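The following exercises ask the reader to work through a protein structure step by step. Please keep the sequence and the coordinates at hand.

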Amino acid sequence: MGIDKVYEVIGIEADYYRIIDDSNMPFLYDPNQFEIISSDEPDFWITEIGEDGERYSYPAAWSHAGFFEDFHDNVSSVVSQFWSEYRSLYAASKNV
């Protein structure tokens, strides 16, 4: 992750930020690695709180268990779904 670069959080999983990183992949990062410049969150996020109080916030289609595991396992339908929805939902992002 680049110093002095701006990254958009595209989801929160167990309190970790999911970010499209410099490799152009959606990975999880410890929020302590970042300085928050805006606390605005998308209206389309669905938020759930886990048993231990951890937060999960994603667009509805990405919020089911195993979605990103399938993405990183290169399940073609999930990869296609993710990139299509990402381009649509986060069109203002510099990473799109």
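The exercises below concern a predicted model, and each task is followed by a worked solution.

**Exercise 1. The sheet**

Task: Determine in which order the five strands are arranged in the sheet, and identify the edge strands.

Solution.
- Step 1. The five strands form an open sheet in the order β3-β2-β1-β5-β4, with antiparallel pairing.
- Step 2. The edges are β3 (26–29) and β4 (45–49), each of which pairs on one side only.
- Step 3. From one strand to the next, the twist averages 30°.
- Step 4. Helix α2 (residues 76–89) packs on this sheet and touches β1 (9–13), β2 (16–20), β3 and β5. The direction of α2 makes about 90° with that of β2.

**Exercise 2. Pairing, strand by strand**

Task: For each pair of neighbouring strands, state how many bridges join them and name one pair of residues that stand opposite each other or are bridge partners.

Solution.
- Step 1. β2 and β3 pair over four antiparallel bridges; here arginine 18 stands opposite leucine 28 of β3.
- Step 2. β1 and β2 are likewise antiparallel, with four bridges, and valine 9 stands opposite isoleucine 19 in β2.
- Step 3. β1 and β5 are antiparallel and joined by two bridges. The bridge partner of glutamate 13 is tyrosine 56 in β5.
- Step 4. β4 and β5 (residues 55–59) are antiparallel, with five bridges. Threonine 47 stands opposite serine 57, and isoleucine 49 has arginine 55 as its bridge partner.

**Exercise 3. The hairpin turns**

Task: For each hairpin, find how many residues lie between the strands and which residue has a positive phi.

Solution.
- Step 1. In the hairpin of β1 and β2, two residues lie between the strands, and alanine 14 takes a positive phi near 50°.
- Step 2. The hairpin of β2 and β3 has five residues between its strands; in its turn, asparagine 24 has a positive phi of about 65°.
- Step 3. The hairpin of β4 and β5 also has five residues between its strands, and glycine 53 in the turn has a positive phi of about 85°.

**Exercise 4. The surroundings of arginine 18**

Task: Decide whether arginine 18 is buried or exposed, and describe what its side chain meets.

Solution.
- Step 1. Arginine 18 is found in strand β2. This strand is mostly covered, as four of its five residues are buried.
- Step 2. The relative accessible area of arginine 18 is 4%. Buried means under 20%; therefore arginine 18 is classed as buried.
- Step 3. The side chain of arginine 18 makes a polar contact with the side chain of glutamate 13, at 2.9 Å.
- Step 4. A polar atom of the arginine 18 side chain lies 2.8 Å from the backbone oxygen of proline 26.
- Step 5. The charged end of arginine 18 sits over the ring of phenylalanine 68, 3.8 Å from the ring centre.
- Step 6. Leaving aside neighbours within four places in sequence, the residues in contact with arginine 18 include Val9, Phe27, Leu28, Tyr58 and His72.

**Exercise 5. The aromatic residues**

Task: State how many aromatic pairs are counted and which residues form the aromatic cluster.

Solution.
- Step 1. Ring centres within 6.5 Å are required for a pair; the count comes to 18 aromatic pairs.
- Step 2. One cluster is formed by Phe44, Tyr58, Trp62, Phe67, Phe68, Phe71, Phe82, Trp83, Tyr86 and Tyr90.
- Step 3. Phe68, a member of this cluster, is the residue whose ring lies under the charged end of arginine 18.

**Exercise 6. Two residues outside the strands**

Task: Locate isoleucine 3 and alanine 65, and decide whether each is buried or exposed.

Solution.
- Step 1. Isoleucine 3 lies in the segment before β1, whereas alanine 65 is in the loop between β5 and α1 (67–72).
- Step 2. The cut-off for an exposed residue is over 50% relative accessible area. Isoleucine 3, at 76%, is therefore exposed. Alanine 65, at 78%, is exposed as well.
- Step 3. The C-alpha atoms of isoleucine 3 and phenylalanine 34 are separated by 9.3 Å, with the residues 31 apart along the chain.
- Step 4. Alanine 65 and aspartate 52 are 13 residues apart in sequence, and their C-alpha atoms are 17 Å apart in space.

Key:
Residues numbered from 1 in each chain as written. Predicted model: local features only at pLDDT ≥ 70, side-chain atom pairs only at ≥ 80, totals over all residues. Heavy atoms only, no water. Pairing = 2+ DSSP bridges. Axes fitted to C-alpha atoms, helices over the stretch in contact; angles between N-to-C directions. Contact = heavy atoms within 4.5 Å. Phe/Tyr/Trp six-rings, centres within 6.5 Å; stacked < 30°, edge-to-face > 60°. Lys NZ or Arg CZ within 6 Å of the ring centre and 35° of its normal. Buried < 20%, exposed > 50% of the residue type's maximum accessible area, 1.4 Å probe, protein only. Polar contact = N/O pair within 3.5 Å; in protein donor to acceptor, adjacent residues only side chain to side chain.
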